[in-house]
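This report treats one helix, the contact between two chains, and the arrangement of domains. Please consult the sequence and the structure shown below while reading.

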Amino acid sequence: MGSWLDYTINGLIIGNIYALVAVGLALIFGVSNLINFAQGSVYAVGAYIGWTCFTYLHTPLAVTALIVVVACAGLGVAIERIGLRPLAGAARIAPLLATIGISLVLDQLLQIVFTPDPRALTSPLPNWRISVGGGTIGALDLLIAATGIVSAAVLYGFLRFTKLGWAVRATAQDRDAARQMGVNTDAVNMTVFAIASALGGLSGLLVGMYFNHIDPAMGFQATLKGVVAQVIGGMGNVPGAIFGSLLLGLTESYGVAIFGSSYRNLFSFALLLLILVLRPNGLFASARSTPPEPMTGSFVTPNRPVRVPRWAIVAAVVIAAAVPLIPAIPYVLQVLTNAWLFAMLAISLTLVAGTLGQISLGHASLLLIGAYASALFALDSHWPVWASIPAAGIVTALLGTALIAPSFRLRSHYVSIATLGIGEIVGLVILNWESLTRGPMGVTNIPPLQVGNIELDNPRAAYWITLGILVLLAMMQTRLLRSHLGRIFRAIRDDDVAARAHGISLGRYKAIAFAFGGFAAGISGGIAAHQYSYINNETFTSTVSISALTMVILGGMGNVLGAILGAVALTALPEMFRGTAEYRMLIYGVALLLLVRFRPQGILGTT
Amino acid sequence: MTDLLECRAVTRRFGGVIAVKPIDLTLREGEFLSIIGPNGAGKTTLFNLISGHDVPDDGTIVLEGVAIAGRAPERIAAMGLARTFQHGRVFANMSVRDNILVGAHHRLRAVKPRLPGLGALAELAMALIRPPAVAAEEAALNHEVLEIAALFGDRLTPRLDQPAHSLSYANRRRVEIARALALRPRLLLLDEPTAGMNETETAEMQSIIGGLKARGQTILLIEHKLDLVMRLSDRVIAMDDGAKIAEGPPHTVRQSPAVIEAYLGHRAMGEAAL
């Protein structure tokens, strides 16, 4: 019994930590219907500011906390000003994409300034502990719990009893009406972002102290957990976010108790999907109530797409095919081969996110599935590579579609959250299913590309094969878009209610699109596996998903040529600045921000 | 004539509010029935219940002998029910032509082979291969689009390749009706087709709807413009506060004291206005 008490207490403490992030997310969602993906980054910034204060200024905890709160509140104001306000009239998903861009920029800046190495953030609190059951509670545990309770209480008082709090609540309910009544909704937004970011930064400091460990990647994990907690409690519901965080903490803690610590995150994301499928409006919403707002999730800006003449496309393919004939540029070939692989992922994503309007944030998991499928077919079933790669495409199409299928009835933001969760789950299952995937060791000695006895392990052959397959996939997708399916996908994107009213079954057509997209992504992953010869569960992470999304937006959502162009631009351009590998994601983040703000239709236009 | 649509004691509650109180409604083949009533009377909610966009808490809805309450809207559409939406829901980023073609979705045959379990895969293959039968079907539908567009004079025909978001509000309403007609509906539900139209446009719409009626189209109409309702309807139902307050021939309903009161809340003023 004693150990269960320990796991319960531990779960509540972890849950309380999540709550500090989740409450900030809930506040922002409540007021502006936005999932602030930069919330976790602010939390990481808070931790690093705290570390800097402790290390260089030797400030006491109270002063450090105050500095963190003020600095992060300022950061929150800046995020609101850059990420949200200029996008007031844009598509609903635009601010979300902007916060993803901001989060990339912040995380990357942290990495550049403080290096990717983790650091110790030692708690200056006295080191006494009280025994409870078989375990103990320390001063820091109490401080974290107290911070959670006090900030919830202060927040409640603020929302309930102050004039600005009323304005926040009014804005949350109806922004336009609030504005009509003279509420300065910009000021309200700014206040909310300041509060949420201050909370986020403070929790980063406390969590860093709790684990005595901070690193620049901590932000993304925090955002994920905060989002999961929020979905459990209902988006935008502050008490729900606290409850959801505690439930999440407990679930994880018990899960770890039963299955071991590598299952912690698997439990969170499984819980996320369960809630999304069963009660997408959270545990507190009544089952039949409709989603809070009929959000259209598509990020399609009315525009006229650029018409690229056929001869120009043919010429581009011919030039691309001729590149290997130029002697002595193996490095360029390597970069471009990589670009073609990314382009396959991008055309897959542009179909799902652009044409069908389901913004997937977990598309890299399809690469993982494809890579593992092809590698394991080749190694364990001794299939020739020319058979294992198409088989990997089919496996990815089937598995990817099966994974997303339960979430087909979700819309907009919820699709993005679900795909994000599924993406994480795929990586975690690969990590934990050792008998099949070799677990954290990864798969080594994957045979190179070959047909029959002809080894195609030279850069030229790999280049031509990849380019050839890409051209084939792109032509198939273009043909698909010109068929009745292209019409149906766009109808679902533009208005799924009206589409259903005309007999279109959403599940069937979403499945077709995801399967087709999954096939292309699986092929890309399969080829990559044979080129890299080694893969593990972190070969393609969520960063790759976000990169692909940036490429797709750069090219123009739904635009096949645009996706290829975006992939080439964002793969090749960063290579031109040599020795700046760590700036790559920074470039992506800035590109995403600028695109969403200034050219949402991308280079070639959305279709 | 047989009953095409039959609603019995259909009810819909939202929390404490009863949006549709137990209501009965029958519609015969070829009949033109209008539903009138002030804003918030529950007309559109009733439409949503019939078209499957909402599920009644109680009661039965029978379309051509089949109970449809609670069925998914796409399945009801496939049975031959088409509807338009009160605020207009065109596919904004698609051309007028594609908008209308979507309406014909459930009539696609060649491209949707009937293979149990593998239907979706076969449909994908057909779309990619595009055999002659599929191409012919697509061409026939494209031809039909021209015919449907021609019903609206020269309002839509010159704009078939323009994206719907570039159209005027009135034209978007026309596209919606054209799209619904492409379904070749057994029953057509029109939700305020003339909302936001000026007098000329309303008169034009009236003659288009009149034309549909003349060719035997069964129509259930929600409309505020009483003039149009009086001229076209075989029968009128008046609703107020979720309940049916009058039913019968247009002129009887128009003069019903309950209707006049519901519209303006004051009998004398109501008579003056009507």
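Helix H5 of chain B comprises 19 residues (132-150), and because each residue should add 1.5 Å, a span of 27 Å is expected; the end C-alpha atoms are indeed 27 Å apart, in agreement with that value. The buried residues of H5(B) include Val134(B), Val145(B), Ile148(B) and Ala149(B). They are on the same side of H5(B), because the arc that they cover around the axis is only 90°. Among the elements covering the buried residues of H5(B) are H3, H4 and helix H6 (169-182) of chain B. The face turned away from the buried side of H5(B) carries exposed residues, namely Pro132(B), Ala133(B), Ala136(B), Ala139(B), His143(B) and Glu147(B).

The model is a predicted one. For chain A the mean pLDDT is 86, and 95% of the residues of chain A reach 70 or more. Over residues 287-297 of chain A, however, pLDDT stays under 50; the model has 19 contacts beyond four places in sequence for this segment.

Chain B meets chain A through 32 residues of chain B and 27 residues of chain A. On the chain B side, helix H2 (73-78), helix H3 (96-103) and helix H4 (119-129) each give two or more residues. H4(B) gives the most to this side, with 5 residues.

Within chain A, the division is into domain 1 (2-278) and domain 2 (331-541). Their C-alpha centres are separated by 33 Å. Where the two domains of chain A touch, 17 residues of domain 1 are in contact with 17 residues of domain 2. Three helices of chain A, H4 (93-114), H9 (218-233) and H11 (264-278), each supply at least two residues to the domain 1 side. Of the elements on that side, H11(A) gives the most, with 8 residues.

The composition by class of two contacting sides is set out here.

| Side | Nonpolar | Polar | Charged |
|---|---|---|---|
| Chain B, touching chain A | 17 residues | 7 residues | 8 residues |
| Domain 1 of chain A, touching domain 2 of chain A | 14 residues | 2 residues | 1 residue |

In summary, H4(B) appears in two settings: H4(B) is among the elements that cover the buried residues of H5(B), and H4(B) also gives 5 residues to the side of chain B that touches chain A. H3 of chain B likewise helps to cover the buried residues of H5(B) and gives two or more residues to the side that touches chain A.

Terms used: Residues are numbered from 1 along each chain as its sequence is written. Chains are lettered from A and ligands numbered from 1 in the order in which they are written. This is a predicted model: local features need pLDDT of at least 70, side-chain atom pairs count only at pLDDT 80 or more; totals for chains, interfaces and linings use all residues. Domain bounds come from an automatic or database domain assignment. Two residues are in contact if their C-beta atoms, placed from the backbone, lie within 7 Å. Helices (H or I, at least four residues) and strands (E, at least two) are DSSP runs, numbered from the N terminus. Ala, Val, Leu, Ile, Met, Phe, Trp, Tyr, Cys and Pro count as nonpolar, Asp, Glu, Lys and Arg as charged, and the others, Gly among them, as polar. pLDDT is the predictor's confidence in each residue, from 0 to 100. The expected span of a helix is 1.5 Å times one less than its number of residues. A residue is buried if 20 or more other C-beta atoms lie within 10 Å of its own, exposed if 12 or fewer, and partly exposed in between; C-beta atoms are placed from the backbone. The arc is that of the directions from the helix axis to the C-beta atoms.
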